[in-house]
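Reader: I am new to reading protein models. Could you take me through one, feature by feature?

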Amino acid sequence: MAPGGSQTDVKDSLNGSIDLYHNWFGPSTPRPPLRNYLLLTILTCFCPAYPVNIIALVFSVMSRNSYDQGDYDGSRRLGKMALYVSIASIIIGILIISILFAMHFSTKRV
């Protein structure tokens, strides 16, 4: 067996998978930044608008999965949806909290 005869230029990652991004585009093309707003969606889980924040969290995780698979346009689109749903969750949470405060302090104590 000749040394270097069966070796390829493809390097495996630590978990054994091949980095397809560097094989297709080369090391000189940078990846676009990941915008999945995961931290914001996790923080919105503390707002009292529970079905809406779970949807934002799902969009954020789907954005990360699309980015990992190389679908950067889909990742960007899902990231924007996660941002919009997170903002809606925050607004709904603030409205619910303000309504509850108004009801609590407007009742007459006997």
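Reader: Why does Met103 count as exposed?

Author: Exposed means over 50% relative accessible area, buried means under 20%, and partly exposed lies in between (1.4 Å probe, protein chains only). Met103 has 52% relative accessibility, so Met103 counts as exposed. Met103 lies in helix 4, residues 72-106. One caution comes early: this is a predicted model, where local features need pLDDT of at least 70, side-chain atom pairs count only at pLDDT 80 or more, and totals for chains, interfaces and linings use all residues. Residues are numbered from 1 along each chain as its sequence is written, and side-chain values use heavy atoms, with hydrogens and water left out.

Reader: What nonpolar surface patch does Met103 help to make?

Author: A patch joins nonpolar side chains (Val, Leu, Ile, Met, Phe, Trp, Tyr) within 5 Å, or like charges within 9 Å; its residues have over 30% relative accessible area and no salt bridge. Here Met103 joins Ile87, Ile91, Ile92, Leu95, Ile96, Ile99 and Leu100 in a nonpolar patch of about 710 Å². Accessible areas come from the Shrake-Rupley method with a 1.4 Å probe; for residues, only the protein chains shown count as cover.

Reader: How many helices and strands are there?

Author: Helices (H or I, at least four residues) and strands (E, at least two) are DSSP runs, numbered from the N terminus. This protein has 4 helices and 0 strands. From the N terminus, the order is α-α-α-α.

Reader: How does the span of helix 4 compare with the expected one?

Author: The expected span is 1.5 Å times one less than the number of residues. Helix 4 has 35 residues, so it should span 51 Å; its end C-alpha atoms are 51 Å apart, which agrees.

Reader: What caps the N-terminal end of helix 4?

Author: Look for a polar contact. That is a pair of N or O atoms within 3.5 Å; within protein, one must be able to donate a hydrogen and the other to accept it, and residues adjacent in sequence count only if both atoms are side-chain atoms. Asp71 is the cap: one of its side-chain oxygens lies 3.2 Å from the backbone nitrogen of Gly74.

Reader: How many salt bridges does the structure hold?

Author: Side chains of opposite charge can pair when their charged atoms come close. The cut-off is a side-chain nitrogen of Lys or Arg within 4 Å of a carboxyl oxygen of Asp or Glu. This structure holds 1 salt bridge. Arg76 pairs with Asp73, and their closest N and O atoms are 3.1 Å apart. The two are 3 residues apart in helix 4, which means about one helical turn separates them. Arg76 is partly exposed at 41% relative accessibility, while Asp73 is exposed at 57%.

Reader: Is Ser89 buried or exposed?

Author: Ser89 is buried, because its relative accessibility is 0%. Ser89 sits in helix 4. Other buried residues of that helix include Tyr72, Leu78, Val85 and Gly93. Across the 110 residues of the protein, 21% count as buried.

Reader: Which residues does Ser89 contact?

Author: Contact means heavy atoms within 4.5 Å. Leaving aside neighbours within four places in sequence, Ser89 contacts Thr44, Cys47, Ala49, Val52 and Asn53. Take Thr44 from that list. Thr44 is in the loop between helix 2 and helix 3 (50-69). Its 1% relative accessibility makes it buried. Beyond four places in sequence, Thr44 touches Asn53, Ser86, Ser89 and Ile90.

Reader: Where is Tyr67, and what does it touch?

Author: Tyr67 is in helix 3. Tyr67 is buried, with a relative accessible area of 13%. Not counting residues up to four places away, Tyr67 touches Arg31, Pro32, Pro33, Leu34, Tyr72 and Ser75.

Reader: How far apart are Leu38 and Gly79 in sequence and in space?

Author: Check both distances. Leu38 and Gly79 are 41 residues apart in sequence, and their C-alpha atoms are 8.8 Å apart in space. Leu38 lies in helix 2, residues 38-43. Leu38 is partly exposed, at 24%. For the whole protein, take contacts between residues at least 6 apart in sequence: 59% of them join residues at least 24 apart.

Reader: What is notable about phi of Tyr37?

Author: Its phi is near 55°, a positive value in a residue other than glycine. Tyr37 is in the loop between helix 1 (20-25) and helix 2.
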